[in-house]
Amino acid sequence: MSLPVPVLPEGVDPAWLPSAAFRPLGSRRTLISGSGPTVETVHGEVAEACARFGGRVVRDCGPGDSSYDLVLELDGPEDLGNEGFTCLRRDGRTTVTAYGPSGLLYGLFHVVRLGEKAFRHDRQKQAHRPAMALRMLDHWDNVAVHPVMGQVERGYAGGSLFWADGRARGDLERVRAYGRLLAACGINAVAVNNVNVHATEARLLTDRIGEVAEIAGALRPYGIRTHLSVTFAAPMVLGGLPTADPLDASVRAWWAEATARVYEEIDDFGGYVVKADSEGQPGPFAYGRSHAEGANLLAAALEPYGGTVHWRAFVYNHRQDWRDRTTDRARAAYDHFTPLDGEFADNAVLQVKHGPLDFQVREPVSPLIGAMPRTRLAVEVQATQEYTGQQRHVCWLGPMWSEVLRFRPDGDTEVGSLARGGLVAVSNAGDDPFWTGHPLAQANLYTFGRLAWQPDANPYRFLSEWIELTFTPEEFEETGETGEGARLTASLSEVLAGSWQTYEKYTAPLGVGFMVQPGHHYGPGVDGYEYSPWGTYHFADRDGIGVDRSAATGTGYAAQYAKPWSEAYESTDTCPDELLLFFHHVSYDHVLHSGKTVIQHIYDTHFEGVTEVEEAREVWASLSGLVDPARHARVAERYEEQLRSAREWRDQINSYFFRKSGVPDAHGRRIY
């Protein structure tokens, strides 16, 4: 029996799967061969499209029947894997062939992305396989509303999709629709609760695992495996044991028994996510044990079932003395984990943030990536824009993530190939009608999934895909207004393509981070964390700015990189301008490779950034007749806030550094 397509509640945006995107598929004759639950999902998708647009879908037919425009078949070679597929257009027929049912599902959505192009002209057979086996979202969702963090920690898109009133949502139809959106961009795993595991979340592992199973059941039809964040102290918190020592036999037995019960409820359960010895969370350090010993405890419990433990490498001293310039938060992950290379179990994945700090608008790639060749690493990025505008500002992060994935730590192999444990993003979706709060922030979620599938691809290609799917230019073709459709597409590309660089211009310059208000992390706070136990980030004084991370005179962080990067970052002569203040403390009159002084660069970019937001706002306003009114109104409202905030950033940053440096703006603009 085919599985019906999930029905969105009234008023919820269809994102990149509007009905119009299925018109080329639904107006044709389709044959589907194969069986199993995921094939039933594929059949449901095609049947719904055909019912809407007049086509016809048939299950397995006899040999020699050639009357179909599209064939979706489970008949591919084993080397395609469970998720790969081929696509061929010949003799008037488009054929998608997969070895595994998930591959057939991804092949279907490939045809949807191609649209009419899938049915025009012959195309040679092309194989499509995901470069990364795991493409996961971490939801920082609290089951119960937390008194400080609320429902979703660092969430800027409403409440949780999974949890309400302290329980799993009773109606999971929207969760199923969410799984559909994720599958359509290539995501195959979701961790459904906060990495900061509070008391209520801890119980999901044991007496409330049935609620997790309900969510897993809603996501499963679209090939999404469910993962769970757990507390390292679970044997004590939930099991009443006096210890959580990873080498204690009773602790190991407790985890084995608890994990067995999880798999009784969820037989395709993905595994655990753990934040340990980090920002107050319990971990193996309390028992004098290493993080490898801690991770391997959980890996052993998961191993019989094919599960994986994702052990986060976000471990650092968050009780620093700001006067001590030898302490460097950026060094922490490398110092903690590189001595453990080769000690982690095969089903343990070390999950490493893409930069050494915490998802700032500009950071170097973490030196830990590439420094542990005998350990499976997953790279973690943040779609939820905690430090990049919180989904109140347009900030498409595709170019940032692409830079990370293309970076070659050893000068040879790209990060996208080194991340054998997969790519993970902190999710930016919630129960907001537009899923991501800011409708244009959907582009980040879509681009993440597509880059996780193909990390060496041009991210602007995926931006174009998202625009064409979400805003359906086909509607303009039907009315003959193709020029308006082209203008819409070009305008959307214009406001999104450079938005990351625009955000960087009016916020933190040249690799400086954490110039934000403490706690909520929104808006400018130049000294917000400068005298904080969480770290010190710019060291601005009357003579200069920046953190000396050189090996010769600073914290030695630059030496954590292999050549040629250690040499490039060590010297101000070779350090890239955009990272200069991350690696060096320099005078305000230091001349950048661009030819500008540091202080003039700060002034100029902050004025430029505001101007670019003003221009983008006007471009969006010009699209009022071409975009759904509700979507247009929400984005217009967010642009007003972005412009207000950008002006605030410009004025505070420029005034601060004028007062520090005493250097006036070369162009005579008012900066105080």
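In which strand is arginine 59 found? Arginine 59 belongs to strand S2, which covers residues 56-59. The legends below describe a predicted model, beginning with the whole chain and then turning to individual residues and helices.

**Figure 1. The protein chain as a whole, with 21 helices and 20 strands.** The radius of gyration is 26 Å, close to the 26 Å that the globule rule gives for 672 residues, so the protein chain is as compact as a globular protein of that length. Its C-alpha trace spans about 80 × 70 × 50 Å along the principal axes. Of the 672 residues, 61% are buried. When contacts between residues at least 6 apart in sequence are considered, 72% join residues at least 24 apart. The area exposed by the protein chain is about 24,700 Å², of which carbon and sulfur atoms supply 49%. There are 63 positive and 89 negative side chains, and the centres of these two sets lie 1 Å apart.

**Figure 2. Arginine 59 in strand S2.** Arginine 59 is partly exposed, and its relative accessible area is 24%. Leaving aside neighbours within four places in sequence, arginine 59 is in contact with Leu31, Ile32, Gly34, Ser35, Val39, Glu40 and His43. Two of these contacts can be described in further detail. The side chain of arginine 59 reaches the backbone oxygen of glycine 34 at 3.0 Å. With glutamate 40, the contact is between side chains: a polar contact of 3.1 Å joins the two residues.

**Figure 3. Histidine 585 in the loop between helix H19 and strand S20.** Helix H19 covers residues 580-583 and strand S20 covers residues 586-587. Histidine 585 is partly exposed, with a relative accessible area of 30%. Apart from neighbours within four places in sequence, its contacts are Phe539, Asp541, Gly544, Ile545, Gly546, Val547 and Asp548. The side chain of histidine 585 reaches the backbone oxygen of glycine 546 at 2.7 Å. Two separations place histidine 585 relative to other parts of the chain. Its C-alpha atom is separated by 67 Å from that of arginine 59, and these residues are 526 residues apart along the chain. From the C-alpha atom of glutamate 264, 321 residues away along the chain, the separation is 56 Å.

**Figure 4. Histidine 354 in the loop between strands S16 and S17.** Strand S16 (348-353) and strand S17 (377-382) lie on either side of this loop in the sequence. Is histidine 354 buried or exposed? Histidine 354 is buried, because its relative accessible area is 3% and buried means under 20%. Not counting residues up to four places away in sequence, histidine 354 touches Phe359, Pro364, Val365, Ser366, Ile369, Val379, Glu380, Val381, Met400 and Val404.

**Figure 5. Helix H11, residues 398-406.** This helix is mostly covered, with seven of its nine residues buried. The buried residues are Gly398, Pro399, Met400, Trp401, Ser402, Val404 and Leu405. Two of them, Met400 and Val404, also appear among the residues that histidine 354 touches, which links this view to the preceding one.

**Figure 6. Helix H17, residues 499-506.** Six of the eight residues of helix H17 are buried, so the helix is largely enclosed by the rest of the structure. The buried residues are Ser499, Trp500, Thr502, Tyr503, Glu504 and Tyr506.

Notes: Residues numbered from 1 in each chain as written. Heavy atoms only, no water. Helix = DSSP H or I, 4+ residues; strand = E, 2+ residues; numbered from the N terminus. Rg over C-alpha atoms; globule rule 2.2 N^0.38 Å. Buried < 20%, exposed > 50% of the residue type's maximum accessible area, 1.4 Å probe, protein only. Contact = heavy atoms within 4.5 Å. Areas by Shrake-Rupley, 256 points an atom, 1.4 Å probe, with all protein chains shown as cover. Lys, Arg positive; Asp, Glu negative; His and termini not counted. Charge placed at Lys NZ, Arg CZ, Asp CG, Glu CD. Polar contact = N/O pair within 3.5 Å; in protein donor to acceptor, adjacent residues only side chain to side chain.
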